[in-house]
Amino acid sequence: MASPSAGCLVCAEPAVEDFLDLGSTALANKFPSAEDLGRPEPRFSLRVGFCHGCGHVQLVERVPPEAMFTDYLYVSSASDTLRAHFDDLATTLTARHGLAGGGFVIDIGCNDASLLCAFRDRGAATLGVDPAENLAEFSRGAGIERYQGFFGADTAPEIVDRRGRAALITATNTFPHIPDLQGFVAGLDTALAPGGAFVLEAHYLVDLLDQLAFDTVYHEHVSYWALGPMMRLFSDHGMEVVRAERLPIHHGQLRATVMRQGEGEVDDTVAEVLAVERGLGIDRLETWRAFAARVDRLKTEVVDCLRGLKAGGRRLAGYGAPAKGSTLLEHFGIGPDLLDFIADRSPLKQGRYTPGSHIPIVAPGRLLEDPSPDHVLLLAWNFEDEILAQQAEFRRRGGKFILPVPEVRIV
Ligand SMILES: [Zn+2]
């Protein structure tokens, strides 16, 4: 059911060459219920390729977005780290873009409206855009107006008719999801007021390479962004990246500020970030072939570690059921034979099973109940500090966490 690529998403070059094949996997955010386990689970090819035209790293085959985003179980406010991040982001952008006096902000992929609440609390007018039907109640509950649908060239005019043009458009963790990049950027040009800015935050290819974060790869993420190909995309539409910032959140993100060409000053950060990318060779296919070989070695290391502990009589479980965990479990072939359960704080996931690997998901309190696990595989490894602090009691009683990426570490 996945559609083969019709060439590069950024530059339309037909030569997009595979370097990482993660096999055929279930959708990483479709957590089946007990009844669903009796039904066939759709699986789709998961392969990553490199564009010989512009260097953009992307999925080679893509699943239609409607299959992934209309019923969506990822909720931003489930993480303390993310809530604090959105508060900081709203403070920074309200000051930079002068929004405190009622300036209009659109957030694309607004999820549970956490970021827009932070903007509203600082004086901005807001609109959320998101296709997820099941998340509408969060915006309603928060009193944030929401446009239910995908953002693009076809929907931007309707949004402008309803609310006017925006001084600021944000997209946090949404930009890697967009297959029709040309339509998306055309929509930005329609919806941005003169002198307005688009600010995106996305997982960053340099950090993905550094941290061997292959589990960032799942069907929702059609693009893996570096600044180079991003500059090419916007320049093809008369826009430019005026500022590039690296952020520590998740496993490392890139924040880019984009304006129409000539409406803003391009600052030094753009050249600095580009120089780092060139130095690391992320614009060369050999770099990505070496990355895939490291993923193969990590798989052996993690599976050997878990099997060794199990053979020694240890009880094993997992912590965190993020989408990245779905990729890791499936690619490494880890199932209920190795992990008794997975603990996760999100009530939307508790009582369900991990996609493809079918490990039951329970509330974190289970870690302290008898028989409690000896070792817990930390699938949400990018939130290590936050989760270790939350689970201090489990560790005080002798419980250990296994960090699986970028190398096996037991803490
Ligand atoms: Zn390309």
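The following exchange concerns a zinc site and a sheet in a predicted model.

Trainee: Which residues are the protein donors of the zinc ion?
Mentor: Each donor atom is an SG, lying 2.3 to 2.4 Å from the zinc ion. In sequence the donor residues follow the spacing C-x2-C-x39-C-x2-C. The protein donors are Cys8, Cys11, Cys51 and Cys54.

Trainee: What is the geometry of the site of the zinc ion?
Mentor: Four donors count as tetrahedral if all angles lie between 85 and 135 degrees. The angles among the four donor atoms here are 101 to 117°. The site is therefore tetrahedral.

Trainee: How many residues apart in sequence are the parts that Cys8 and Cys51 tie together?
Mentor: Cys8 belongs to the loop between strand S1 (3-4) and strand S2 (16-26), whereas Cys51 belongs to strand S3 (residues 43-51). Both are donors of the zinc ion, and so the pair ties together parts whose separation in sequence is 43 residues.

Trainee: Is Cys51 buried or exposed?
Mentor: Buried means under 20% relative accessible area. Cys51 has 1% relative accessibility. Cys51 therefore counts as buried.

Trainee: Which are the edge strands of the open sheet of six strands?
Mentor: The strand order is S16-S15-S14-S17-S18-S19, with mixed pairing. An edge strand here pairs on one side only. The edge strands are strand S16 (361-362) and strand S19 (409-410).

Trainee: Which residue in S16 stands opposite Ile342?
Mentor: Strand S15 (residues 342-343) pairs with S16 over two bridges, in the parallel sense. In S16, the residue opposite Ile342 is Ile361.

Definitions and conventions. Residues are numbered from 1 along each chain as its sequence is written. This is a predicted model: local features need pLDDT of at least 70, side-chain atom pairs count only at pLDDT 80 or more; totals for chains, interfaces and linings use all residues. Side-chain values use heavy atoms; hydrogens and water are left out. Donors are N, O and S atoms within 2.8 Å of the metal (3.2 Å for Na, K and Ca); water is not among the atoms, so sites may look incomplete. Four donors count as tetrahedral if all angles lie between 85 and 135 degrees; four count as square planar and six as octahedral if opposite donors are over 155 degrees apart and all others between 65 and 115; anything else is irregular. Helices (H or I, at least four residues) and strands (E, at least two) are DSSP runs, numbered from the N terminus. Buried means under 20% relative accessible area, exposed over 50%, partly exposed in between (1.4 Å probe, protein chains only). Two strands pair if DSSP finds at least two bridges between them.
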